[in-house]
Amino acid sequence: MSLVDLHGKDLISTQEWSVEEINAVMELARSIKIRRYSGSVPELFKNRTFFMLFYNTSTRTRASFEAAATLLGGHAQFIDFATTRGAEGEVIRDIAKMYERFGHALGIRILESAVDYVYGMGNATIREYAKHARIPVINMADDMYHPTQAITDIFTILEKFNGRIEKKKYVIMWAYSDKIRSWGSVQDEMLIATRYGMDVVLAYPPGFDIDEKLVEQARENARESGGDLEITHNLKEALRDAHVVFPRSWASHECVKTGLNRFGREKELELHNKYRDWKLTKELADTMDRHGIVTHVLPVFRGQEADDEVMDGPRSVIYDQAENLLYVRAAVLALVAGRI
Amino acid sequence: MSLVDLHGKDLISTQEWSVEEINAVMELARSIKIRRYSGSVPELFKNRTFFMLFYNTSTRTRASFEAAATLLGGHAQFIDFATTRGAEGEVIRDIAKMYERFGHALGIRILESAVDYVYGMGNATIREYAKHARIPVINMADDMYHPTQAITDIFTILEKFNGRIEKKKYVIMWAYSDKIRSWGSVQDEMLIATRYGMDVVLAYPPGFDIDEKLVEQARENARESGGDLEITHNLKEALRDAHVVFPRSWASHECVKTGLNRFGREKELELHNKYRDWKLTKELADTMDRHGIVTHVLPVFRGQEADDEVMDGPRSVIYDQAENLLYVRAAVLALVAGRI
Amino acid sequence: MSLVDLHGKDLISTQEWSVEEINAVMELARSIKIRRYSGSVPELFKNRTFFMLFYNTSTRTRASFEAAATLLGGHAQFIDFATTRGAEGEVIRDIAKMYERFGHALGIRILESAVDYVYGMGNATIREYAKHARIPVINMADDMYHPTQAITDIFTILEKFNGRIEKKKYVIMWAYSDKIRSWGSVQDEMLIATRYGMDVVLAYPPGFDIDEKLVEQARENARESGGDLEITHNLKEALRDAHVVFPRSWASHECVKTGLNRFGREKELELHNKYRDWKLTKELADTMDRHGIVTHVLPVFRGQEADDEVMDGPRSVIYDQAENLLYVRAAVLALVAGRI
């Protein structure tokens, strides 16, 4: 891993890791991917334990991290926070120290819904664990960030464009759904893509602005990398000649900042309903660049965020992208807590 | 494994596998059993992942598959479907593709109760997964079949009769209980036993017929193998000189075909109550062949399906049979998805 | 492991193991601890399975046993009893035999709350499993004992006092909390400490006597080891010059013997409320011996059982103690069911 040493380092947002560090993850991920197909992945996490503490449930994150630990010869424990003493009031420093002593890394997923819907409290909780645990803490999705997903996505985009992604147009489009989703994935995508020199376009209807500070950070990223960040309410315009489109529903600005409990689910869904035409149809997808690809962190709400024709069509890379979660997560585990 | 190559093959019912293929499983199972006692089982599933997706809960299937994966150096993830995005409406093809990309095989358990009690819908759901996943799908019990159990049971019977089971009388008897159980085990037992040349007797009270198409299939199996399939409502007659008896409660024909929700639990239990004397007592067991054995897939409802005297007596092979689940499941994992 | 052979032995209470046997566990635990830091723990449980059956939930016990099995190359299955057929009435002998056939050791946690609050029924249930299973049964905390915790605690005390603990004053103090906790840890601590020659002081308010038979046993232990057992209601007196203090809330004698359901939570908490000053404050801790340490099995109820100043202060060894759970549990698994 050249001169980058990630051992013991927390991964809370991609922004806190240098591009060199993220490149080191991707380099190892690529190597694990190649070796997995040839059947000879080195046991970089042999007999080690990754604790996965879930305040919110998960399908992909649990399955891929656990499979990644297994792939490297170790094990990831799937822990439902509701079944722990933490749920009975044990303080975070005691929980953090306990996992520190028993294992090698601690992953945490905590979205707004688990912390009374105050934006940023999920992230603050993860930082509280990280403050106390001497083993690395890995953010497995919070209300602000989803770093292993973001690295996976840029890894996939690099793969699909043979490493040349500077000035490629990456559209993160708001999409209709009757679900209320966090900003974490969208924000971490925006942050990482602007660091890799992409021309990122955030397209969403009025009222769906995301965290203004992180948008500011992304602008700064773009200035430094030579990329760009544009915000628009014009979906058609946004999609034209796009190289990458990620159609994703997220909660309105007011809802997130007020807290869903106070804001009200009904009221939020009414807002969504006004923009049912924000959907990636085949017609819209056909306005993309000839080589343009469609990504998604999954689950995709088919028929709402995007049509089946698109998600199952030739532009869609969603399953390759999902597969890459395995390699990126394995690489992160190996680098921050493995036998390297 | 001679010339049989099972790599990548789904196991949805035993009927879809040739006798040679099933023999290959049993051959490897036997070898794993011998080697486990000597402590040197080869790591045929080393660092590989088997996903176990449970729409319905499980004791034995989970414990044995997970222990089997561990025995071969890999890992089985126990996934409660209710905690996944599938429960929130993610489509099966997306779930199937995800597991395909992360792991090496996908097991699914889904009984009537998880799919609104329409007979065959559990099986259809598994086939939907199999259609989309390129990794092998293993049926861990549905409303029609329970193939790894069926192979284990024929394996156990072969063991107990030193490989000579042609024309041996195998009685699958309906037995009273206040529980409402699927047809899966019973049907897959009938199918496999008729292929191995046994004289299968289905003994049950009027109204407890199972799937008529599968009965027809079993008759065909018997014709081909030189075995037999007989159906009777006379329990005493059935048990006389039997070599194998499997006392098992199952739901009535009308209940299964109507769907329990519509048919009603009360009404079904009233039907059961009419046949409380359908129990394997010691007296009845004593009419079996001198060397006759009693089997069960477990859990056995003691005092209802059979008396303790029988289940704990010398004819009972239920724990040896349970143990064989470990070897057969390990062999299946190794053959369809392992390093062979 | 000298001449002590623990293979196949149940661990239900420390009292049932000889001091030589407990020493063998601690010797191996020490060796695993040293080797873990150097990265070369031998795979003493390679590809073996430890079943952990939880009637009551757990944080530390599950996390540490599962990490211990992983550390030794094997796997521990986390099983929620509520999801098994046992919860539907499958008898214990059938469950016990099943796990016996699939794996190498069976751990069980069962407190009063899981068995209708009759004192001793949790322990009796574990003994019922042990009677039927030929693989070793490990008590992972019941209503009477918590042996792996007790061994860990004496191991930690030995470590902190460089092996010289005879006649050292070990105060197990009742402490206020608004939770209702079992006697298991307290009783097993008392039993083991009196066997290692410590001067054990049980300090609690009137009405909080624990199991009188086990107190009698502890007196006998002390007579044999040259240690002592004293009971007092005077907390101040007890803490003076103490070498070890364990501040721990537990249920009143009448509550435990009557059963919480009948006795009533309200009534029990009223009793607790009378003794809110039974808390390990810094002021009180400062009356301990200059080298005195504070222990806890965790979770500690901060602000109730003890103040943060104490639990986070220089006397506190709680995280080192927690870490030792990993080594002691690994050693127990290796010795009773491993490749030794």
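**Figure 1. A:P299 sits in the loop that runs between β9 (293–294) and α13 (308–311) of chain A.** Welcome to the first close-up of this predicted model. Look at the bond leading into the proline: A:L298 and A:P299 are joined by a cis peptide bond, and its omega is about 0°. Chain B offers a second example, where the peptide bond from B:L298 to B:P299 is cis with omega near 0°. There, B:P299 belongs to the loop between β9 (293–294) and α13 (308–311) of chain B.

**Figure 2. A:A141 is a residue other than glycine that has a positive phi.** Here is a backbone torsion worth pausing over: phi of A:A141 is near 105°. As for the surroundings, A:A141 is part of strand β4 of chain A, which covers residues 137–142.

**Figure 3. Two annotated domains can be picked out along chain A.** In an unreviewed entry, UniProt lists residues 9–159 of chain A as "domain: Aspartate/ornithine carbamoyltransferase carbamoyl-P binding". Helix accounts for 45% of that span and strand for 16%, and its end C-alpha atoms are 26 Å apart. For residues 187–335 of chain A, the UniProt label (again from an unreviewed entry) is "domain: Aspartate/ornithine carbamoyltransferase Asp/Orn-binding". This span is 49% helix and 11% strand, with 24 Å between its end C-alpha atoms.

**Figure 4. Helices α5 and α6 of chain C cross at roughly 50°.** If you like to follow helix packing, start with the axes. Two packed helices are described by the angle between their axes and by the distance between those axes. In this view, α5 (residues 147–160) and α6 (residues 184–195) of chain C have axes that come within 9 Å and cross at roughly 50°. That angle makes α5(C) oblique to α6(C). The handedness of the crossing is right-handed. On the α5(C) side, the residues to find are C:P147, C:Q149, C:A150, C:I151, C:D153 and C:I154. They meet C:S185, C:D188, C:E189, C:I192 and C:A193 in α6(C). Sorted by character, the residues of this α5(C)–α6(C) contact are six nonpolar, two polar and three charged.

**Figure 5. Chains A and B meet through a contact with 20 residues from chain A and 18 residues from chain B.** On the side of chain A that touches chain B, the elements giving two or more residues are α2 (60–71) and α14 (318–337) of chain A. Which element provides the largest share of that side? The answer is α2(A), with seven residues. The side of chain A that touches chain B divides into 10 nonpolar, six polar and four charged residues.

**Figure 6. Zooming in on that contact, α2(A) packs against α3 (residues 92–102) of chain B, with axes that come within 10 Å.** The axes cross at roughly 15°. The two helices, α2(A) and α3(B), are therefore roughly parallel to each other. Their crossing is right-handed. From α2(A), the contact uses A:R60, A:A63, A:S64 and A:A67, and from α3(B) it uses B:M98, B:Y99 and B:F102. Five of the residues in this contact of α2(A) with α3(B) are nonpolar, one is polar and one is charged.

**Figure 7. Chain A contributes 18 residues to its contact with chain C, and chain C contributes 19 residues.** Three elements of chain A each supply at least two residues of the side that touches chain C: β1 (49–54), β2 (75–80) and α3 (92–102). Of these, α3(A) gives the most, with six residues. The side of chain A that touches chain C has five nonpolar, eight polar and five charged residues.

**Figure 8. A turn of 120° lays chain A on chain B.** For any two copies of a chain, the relation is a rotation about an axis and a shift along it. Here the shift along the axis is 0.0 Å, and chain A fits chain B with an RMSD of 0.0 Å. This is the relation of a three-fold axis. The copies use different surfaces, since 5% of the contact residues of chain A recur in chain B. Chain C can be reached in a similar way: a rotation of 120°, with 0.0 Å of shift along its axis, superposes chain A on chain C at an RMSD of 0.0 Å. Only 6% of the interface residues of chain A are also interface residues in chain C, so these copies meet through different surfaces.

Note on methods. Residues are numbered from 1 along each chain as its sequence is written. Chains are lettered from A and ligands numbered from 1 in the order in which they are written. This is a predicted model: local features need pLDDT of at least 70, side-chain atom pairs count only at pLDDT 80 or more; totals for chains, interfaces and linings use all residues. Two residues are in contact if their C-beta atoms, placed from the backbone, lie within 7 Å. Helices (H or I, at least four residues) and strands (E, at least two) are DSSP runs, numbered from the N terminus. Ala, Val, Leu, Ile, Met, Phe, Trp, Tyr, Cys and Pro count as nonpolar, Asp, Glu, Lys and Arg as charged, and the others, Gly among them, as polar. UniProt positions are given in the numbering used here, feature names are shortened, and annotations may be inferred rather than shown by experiment. Axes are lines fitted to C-alpha atoms, for helices over the stretch in contact, and angles run from 0 to 180 degrees between N-to-C directions. Angles under 35 degrees count as roughly parallel, over 145 as roughly antiparallel, 65 to 115 as roughly perpendicular and the rest as oblique. A crossing is left-handed if the near helix is turned anticlockwise from the far one by less than a right angle, and right-handed if clockwise. Copies are superposed by least squares on the C-alpha atoms of residues with pLDDT of at least 70 in both.
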